[in-house]
Amino acid sequence: MGHKFRQWVDAKVAALLGAPEPSVVDFIMSLIATHKGPADAVAELEPLLDSDTASFVLKLYRTVIFETERAAAGL
């Protein structure tokens, strides 16, 4: 995933946690890089994001799918 995707994750994490958290962003990026599924991501992120986890993971994977399809189409 590219720089734009990382910026999106960074912005969402900062909005949810109230401040930038580079270590959380790195962790989320590693979940994506290792092809963890949404259920695994929810389980891993729930202690950090609490009640916002399911909504965040849904948006995260929608964005992953969009960015993957966009790259495949050469856009």
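A residue is called buried when its relative accessible area is under 20%, exposed when over 50%, and partly exposed in between, with a 1.4 Å probe and protein chains only. The model on display is predicted, so local features need pLDDT of at least 70 and side-chain atom pairs count only at pLDDT 80 or more, while totals for chains, interfaces and linings use all residues. Residues are numbered from 1 along each chain as its sequence is written, and side-chain values use heavy atoms, with hydrogens and water left out.

**First stop: the aromatic rings**

Start by selecting W8, which is partly exposed with a relative accessible area of 22%, and then add F5, which is buried at 2%. Both residues belong to helix α1, where they stand three residues apart, about one helical turn; helices here are DSSP runs of H or I with at least four residues, and strands are runs of E with at least two, numbered from the N terminus.

A search of the whole structure finds two aromatic pairs, and F5 with W8 is a stacked one, at 6.3 Å centre to centre and 15 degrees between the planes. Rings of Phe, Tyr and Trp (for Trp, its six-membered ring) pair if their centres lie within 6.5 Å, and planes under 30 degrees apart count as stacked, over 60 as edge-to-face and the rest as tilted.

Keep W8 selected and add F56, which counts as buried at 4% relative accessibility. W8 and F56 are also stacked, with 6.2 Å between centres and 15 degrees between planes. Because W8 lies in helix α1 and F56 in helix α4, this pair ties together parts that are 48 residues apart in sequence. With F5, W8 and F56 shown together, you have one aromatic cluster on screen.

**Second stop: the salt bridges**

Which side chain meets that of D26 in a salt bridge? Select R6 to see the partner, at 2.1 Å from N to O; a salt bridge is a side-chain nitrogen of Lys or Arg within 4 Å of a carboxyl oxygen of Asp or Glu. D26 sits in helix α2 (residues 22–33) and R6 in helix α1 (residues 3–17), so the contact joins parts that are 20 residues apart in sequence. D26 is partly exposed at 41%, and R6 is likewise partly exposed at 32%.

The structure holds two salt bridges, so move on to E67 and R70, whose side chains meet at 2.7 Å, N to O. These two residues lie in helix α4 (residues 53–72), three residues apart, about one turn of the helix. Here E67 counts as buried at 15% relative accessibility, whereas R70 is partly exposed at 28%.
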